[in-house]
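Trainee: I have a chain to go through with you. Can we take it step by step, with short answers?

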Amino acid sequence: MFSDASVPFLTTVGLILWVVLYRLEIAKCLQLSKFVAVCSASRPLSQAVDDIYNLAHLHEVASALSEMICHDGASNWPPRASHNHGTWPAALQGYKLIYLELADLLPASPASLDDGSNRIAIDKFRERIVELLKQHVDVAAVLSLLKQVEYEKGTMSGEVHNAFYCCIAWCRHAYRWGIVPVVKVAQKETVVDLPPELIYPWDYLQRYFGCTSQSSNVMSGLILNFDAQGHHIFKANSGLSKEIMSAEEEFARIFRDIEESALPIYQDMVRAILAISNENKRACLHHLARIQLQLRPILSIYYDRMHDQKIPRSAWLSHVQGFLAWGTGYRDKLTGEFVKFDGLSGNQILLFQALDAFLGMDSYLSIENLEQNVPMRQREFCDMLRKHSIRDRLSELNSEDDAIEILEGFDRIVKRLRTAGSRTLPHDCWKIDAQCGSGPELTVTG
């Protein structure tokens, strides 16, 4: 298993289990047992989406979730991406072809610790990207298309938006690092001037999704990096050992699978809030019980798959985490302040943001970090969950006994979860650090 210091990624679950153990609720043991049969039968994801859409007019939390699924997910969750670039507008098709051509040039095997050689290799790689972009991408055509897409709804489908978002994110990270595993000379850079072909579409996409970072996030870097058939698309370690390539893909799949498992939980969060708004204690307890049972297999996504047999620590440290970091920024012209972007982080996962909000807890990310890295509609969904937290509504119930029962119930759900995943981990969530690289300088921060 990874050590606590090496895998702060796992800690969000541990933190949630530890904190909410003393704060929350669900049905009494006898009541819970009556729900198990119902809760264990999973609802098809398409039915869950339909149900959420049907609830949208009843409550603003349902409306926020519906809007998130429609916009960010292309009417699916987890979000769907159309990676068949032949279906993309012609002006955008060159981007994926360029990345696929360059992917084999990214990995350095064996990795070099010579700064001079690495500087030459990075500059050469960046020059090749610029050359291919000039050959295969017409900036004027891209700008014209994106302007049309921005002001004429329906010009480009959500699936294509999502795939293109992922593609540009990976092209930008390839330019940012130039070599995998990332090396010291790249880590020391504070500002990287990207070519306009990678700036203009990124600016548009970040407006579309409502983020401000120069770097990718969990959505653009990992969750959207799969097609409808589940194939892993963009890779940073092409041609390297099976162990390294498998670690890269498995790591991304963990994030994807978490969100796939999360949709029914979001659905039950909404229905629990609707139930408490109508003072329907039984319905509220039912949906809280469902959340409990559906959280348990999500824990296994971590504990059964995030270990050396699935993702060897040596491969993850050197060849996966560094590429997904960023570590550069810009000097604000108005304030003179340097704004730095760290990159992709496990604490951006929507499920954990939503759990904190649903349980009435403050977000562990700053407002600035949220605005940089978490898509706007996902933030709005969490805002609505927090605004309508069940814990804050208990005093409004007509019966004090009902409120106590719900509070006692929350205790039981957390105790059961703590039993299922009793490994308590440090507070800080898994994080990708731009200072991580190859060789003896390799570190992990949390």
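**Helix pairs, loops and burial**

Mentor: Start with a crossing: α5 passes α6, and the crossing is right-handed. Keep in mind that this is a predicted model.

Trainee: At roughly what angle do the axes of α5 and α6 cross?

Mentor: Helix α5 covers residues 93-102 and helix α6 covers residues 115-136. Their axes come within 10 Å of each other. The crossing angle is roughly 150°.

Trainee: How is α5 oriented to α6, roughly parallel or roughly antiparallel?

Mentor: Angles over 145 degrees count as roughly antiparallel. The axes cross at roughly 150°. Therefore α5 is, relative to α6, roughly antiparallel.

Trainee: Which residues of α6 meet α5?

Mentor: From α5 come G94, Y95, I98, E101 and L102. By class, the contact has 7 nonpolar, 2 polar and 2 charged residues. On the α6 side the residues are F125, R128, I129, L132, L133 and H136.

Trainee: Now α4 and α12. What is the angle at which they pack?

Mentor: Helix α4 spans 60-71, and helix α12 spans residues 242-277. Their axes are 9 Å apart. The packing angle is about 160°.

Trainee: Is α4 roughly parallel or roughly antiparallel to α12, and what is the hand of the crossing?

Mentor: The angle is about 160°. The cut-off for roughly antiparallel is over 145 degrees, so α4 is roughly antiparallel to α12. As for the hand, α4 passes α12 in a crossing that is left-handed.

Trainee: How many charged residues does the contact of α4 with α12 have?

Mentor: α4 contributes V61, A62, L65 and I69. α12 contributes L263, Y266, Q267, V270 and I273. By class there are 8 nonpolar residues and 1 polar residue, and the number of charged residues is none: "no charged residues".

Trainee: Move to the loop between α4 and α5. Which residue there is joined to W77 by a cis peptide bond?

Mentor: Look at omega. For this bond omega is about 5°. The partner of W77 lies in the loop between α4 and α5. That partner is P78.

Trainee: Where does the cis bond with omega of about 0° sit?

Mentor: This bond joins V180 and P181. P181 is in a loop. The loop runs between α8 (158-177) and α9 (184-187).

Trainee: Back to the loop between α4 and α5. Is A74 buried or exposed?

Mentor: A74 lies in that loop. Phi of A74 is near 55°, positive although the residue is not glycine. Its relative accessible area is 8%. Under 20% counts as buried, so A74 is buried.

Trainee: How does S75 count by accessibility?

Mentor: S75 is in the loop between α4 and α5. S75 also has a positive phi, about 65°, without being a glycine. Its relative accessibility is 34%. Values between 20% and 50% are called partly exposed, so S75 counts as partly exposed.

Trainee: How many residues of α15 are buried?

Mentor: Helix α15 covers residues 350-358 and is mostly covered. The buried residues include L350, F352 and F358. Q353 and D356 are also among them. The count is 9 of 9.

Trainee: What residue just after α15 takes a positive phi?

Mentor: Look just past the end of α15. The phi there is about 80°. The residue is G360.

Trainee: How far apart in space are Q47 and P264?

Mentor: Q47 is found in helix α3, residues 45-55. At 48% relative accessibility it counts as partly exposed. Q47 and P264 are 217 residues apart in sequence. C-alpha to C-alpha, the separation is 9.7 Å.

Trainee: What distance separates the C-alpha atoms of G239 and L105?

Mentor: G239 lies in the loop between α11 (218-223) and α12. G239 is exposed, with a relative accessible area of 72%. G239 and L105 are 134 residues apart along the chain. Their C-alpha atoms are separated by 9.5 Å.

Trainee: Last, the chain totals. What percentage of the residues count as buried?

Mentor: The chain has 19 helices and 2 strands. Its accessible surface comes to about 18400 Å², with 51% belonging to carbon and sulfur atoms. Of the 446 residues, the buried share is 57%.

Notes: Residues are numbered from 1 along each chain as its sequence is written. This is a predicted model: local features need pLDDT of at least 70, side-chain atom pairs count only at pLDDT 80 or more; totals for chains, interfaces and linings use all residues. Side-chain values use heavy atoms; hydrogens and water are left out. Helices (H or I, at least four residues) and strands (E, at least two) are DSSP runs, numbered from the N terminus. Buried means under 20% relative accessible area, exposed over 50%, partly exposed in between (1.4 Å probe, protein chains only). Accessible areas come from the Shrake-Rupley method with a 1.4 Å probe; for residues, only the protein chains shown count as cover. Axes are lines fitted to C-alpha atoms, for helices over the stretch in contact, and angles run from 0 to 180 degrees between N-to-C directions. Angles under 35 degrees count as roughly parallel, over 145 as roughly antiparallel, 65 to 115 as roughly perpendicular and the rest as oblique. A crossing is left-handed if the near helix is turned anticlockwise from the far one by less than a right angle, and right-handed if clockwise. Contact means heavy atoms within 4.5 Å. Ala, Val, Leu, Ile, Met, Phe, Trp, Tyr, Cys and Pro count as nonpolar, Asp, Glu, Lys and Arg as charged, and the others, Gly among them, as polar.
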